[in-house]
Amino acid sequence: NKQFSLADQTRKVVKSLNDDVQILAFYSSENPSQTEVRERLEQYAKLSGRIKLAFYDPYIKVTQAQENGVTMDATIIVKCKERKETVTSGEEERITSAILAVTSGEKTKVYFLTGHGECNPTEYGKDSCSAIKQGLESQQYAVETLSMVGQNAPAVPQDCAALVIAGAKHPLQAKEMEALQKYVDQAGRVFIALANTPNAPDFSQILTKHGVTPLKGEVLDPNGQHHAFGDKSLPLVMSPEQHKITEKLQGMVLPVARGLQIDSGPEPPPSYPGAPPPPSQKAQSLLMTSGEAWLDQAQAGTRGNQKKDAGEQGGPLSMAAVIDESKKEKPPTQPGMPPAPETDDEGDGPRIVVVGSSDFMTDGFIQSAQVWGNGMLVLNSIAWLVANEKLISI
């Protein structure tokens, strides 16, 4: 079933190499993953003569380890000309990403917005998001922070492949919001995780016109199969909605989550024989609660009575959504006329992923509570935003 085979995307990357790539694997004989990693790397070498593979025991080949800056067991060095990447995991995704990084010479830049109480990606802490930064860097992204607060003319940098807004707790200045709106209008790629505190911005002025409206309140789900750790305020999603981002993902926990209203769009025109299908919905849900959930209307930052009151919106509720306007809508084909030719329309509109919780991507949840599905949701989202389908597929 190809469980131990390299992905098609990896095979394409390796077979298309134009320069030699050195892979130096430093694994001791006692390392439990040594055999598995060796077999995987040998598959890379069999795909192309451009791959030059060498295995060293770092405790025996001390000179080689020192020359390559290796200080710990289970380290892989990937080199091409003057470029070098260090991989501390033998997973295929990491190795292929390193090969892409050293052969292309450029890293995809991801910026984290700061200045409004967002999760801090640069240091470890219960409310920080250093685990996300570490995961991105292991996939050969370059991660930087962006503060527009003190700028006379705020702007998102031109080399920004994706902008992450991780739990802003204070409103953005008007000129900052204008800069963000301009970035989105210019086919920007944005990941927004909403904080659920009294003064937290919901970015509705940007999201609503693209089909997603954040709702006030906190999602509670009493269904035992849809909450974690016996707490209805920790909605659990084992079966996400179908999307490239959520393939093979399960076990996402979204604490203190806001609900999202997804605009279904205009009514499709009446159908007739041979009519083209209605245009695809640009906004769609990624994560849903059970039908027993509701949107508790206690003041943000406080706990309600944990019971559904009259007038509170019931489930199922969306807690994460995706907006994809990166392709132009094709005009409908008239009866008897040939279909319009396929064109490359990537990049005409924005791609946005919005999650109704920011706590879900903190170190406290991903590392301390070991909810690994949360981290993969973020990494997959960013890979999709920048159209890096190789990383998602692998």
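Is serine 130 buried or exposed, and what is its relative accessible area? Serine 130 is buried, with a relative accessible area of 16%. Keep in mind that this is a predicted model. The protein chain has 394 residues, and 49% of them count as buried. Below is a quick tour of the chain as a whole, two helix pairs, one strand residue and a few backbone oddities.

**The chain overall**

- The protein chain holds ten helices along with 18 strands.
- Take the contacts between residues at least 6 apart in sequence: 73% of these join residues at least 24 apart.
- About 19,600 Å² of the protein chain is exposed, and 48% of that comes from carbon and sulfur atoms.

**Serine 130 and helix α5**

- Serine 130 sits in helix α5, which covers residues 130-138.
- The 16% figure puts serine 130 on the buried side because the cut-off for buried is under 20% relative accessible area.
- Setting aside residues up to four places away in sequence, serine 130 touches Asn120, Pro121, Glu123, Tyr124 and Asp363.
- Serine 130 has company: Ala131, Ile132, Gly135 and Leu136 of α5 are buried too.
- Here's a handy rule for reading such a list: an α-helix has 3.6 residues a turn, so residues three or four places apart point the same way.
- The cover over the buried residues of α5 includes two strands, β5 (108-114) and β6 (141-147), and two helices, α8 (363-368) and α9 (372-385).
- After α5 comes glutamine 140, which has a positive phi near 70°.

**How α5 meets α9**

- The axes of α5 and α9 come within 10 Å, crossing at roughly 50°.
- That is why the two helices, α5 and α9, are described as oblique to each other.
- The crossing of α5 past α9 is right-handed.
- On the α5 side the contact uses Ile132, Gly135 and Leu136, and on the α9 side it uses Gly375, Val378, Leu379 and Ile382.
- Sorted by class, the residues of this α5 contact with α9 come out as five nonpolar, two polar and no charged.
- Ile132, Gly135 and Leu136 turn up twice here, once as buried residues of α5 and once as its contacts with α9.

**How α1 meets α4**

- Helix α1 (residues 8-15) packs with helix α4 (residues 92-104) at an angle of about 30°, and their axes are 10 Å apart.
- That angle makes α1 roughly parallel to α4.
- The handedness of the α1 and α4 crossing is left-handed.
- From α1, the contact takes in Thr10, Val13 and Val14, while α4 brings Glu92, Thr96, Ile99 and Leu100.
- The class split for the α1 contact with α4 is four nonpolar residues, two polar and one charged.

**Glutamate 144 in strand β6**

- Glutamate 144 lies in strand β6, one of the elements that cover the buried residues of α5.
- With 31% relative accessibility, glutamate 144 counts as partly exposed.
- Neighbours within four places in sequence aside, glutamate 144 is in contact with Lys109, Val110, Tyr111 and Phe112.
- The C-alpha atoms of glutamate 144 and leucine 113 are 8.9 Å apart, with the two positions 31 residues apart along the chain.

**Backbone oddities**

- For background, most residues other than glycine have a negative phi, and most peptide bonds are trans.
- Alanine 187 is not a glycine, yet its phi is positive at about 65°.
- You'll find alanine 187 in the loop between α6 (174-185) and β8 (189-193), and at 17% relative accessibility it counts as buried.
- Phenylalanine 203 is another non-glycine with a positive phi, about 55°.
- Phenylalanine 203 sits in the loop between β8 and α7 (204-207), and it counts as buried at 1% relative accessibility.
- The peptide bond running from glycine 315 to proline 316 is cis, and its omega is near -5°.
- Proline 316 itself belongs to the loop between β16 (294-296) and β17 (318-324).

Key. Residues are numbered from 1 along each chain as its sequence is written. This is a predicted model: local features need pLDDT of at least 70, side-chain atom pairs count only at pLDDT 80 or more; totals for chains, interfaces and linings use all residues. Side-chain values use heavy atoms; hydrogens and water are left out. Axes are lines fitted to C-alpha atoms, for helices over the stretch in contact, and angles run from 0 to 180 degrees between N-to-C directions. Helices (H or I, at least four residues) and strands (E, at least two) are DSSP runs, numbered from the N terminus. Angles under 35 degrees count as roughly parallel, over 145 as roughly antiparallel, 65 to 115 as roughly perpendicular and the rest as oblique. A crossing is left-handed if the near helix is turned anticlockwise from the far one by less than a right angle, and right-handed if clockwise. Contact means heavy atoms within 4.5 Å. Ala, Val, Leu, Ile, Met, Phe, Trp, Tyr, Cys and Pro count as nonpolar, Asp, Glu, Lys and Arg as charged, and the others, Gly among them, as polar. Buried means under 20% relative accessible area, exposed over 50%, partly exposed in between (1.4 Å probe, protein chains only). Accessible areas come from the Shrake-Rupley method with a 1.4 Å probe; for residues, only the protein chains shown count as cover.
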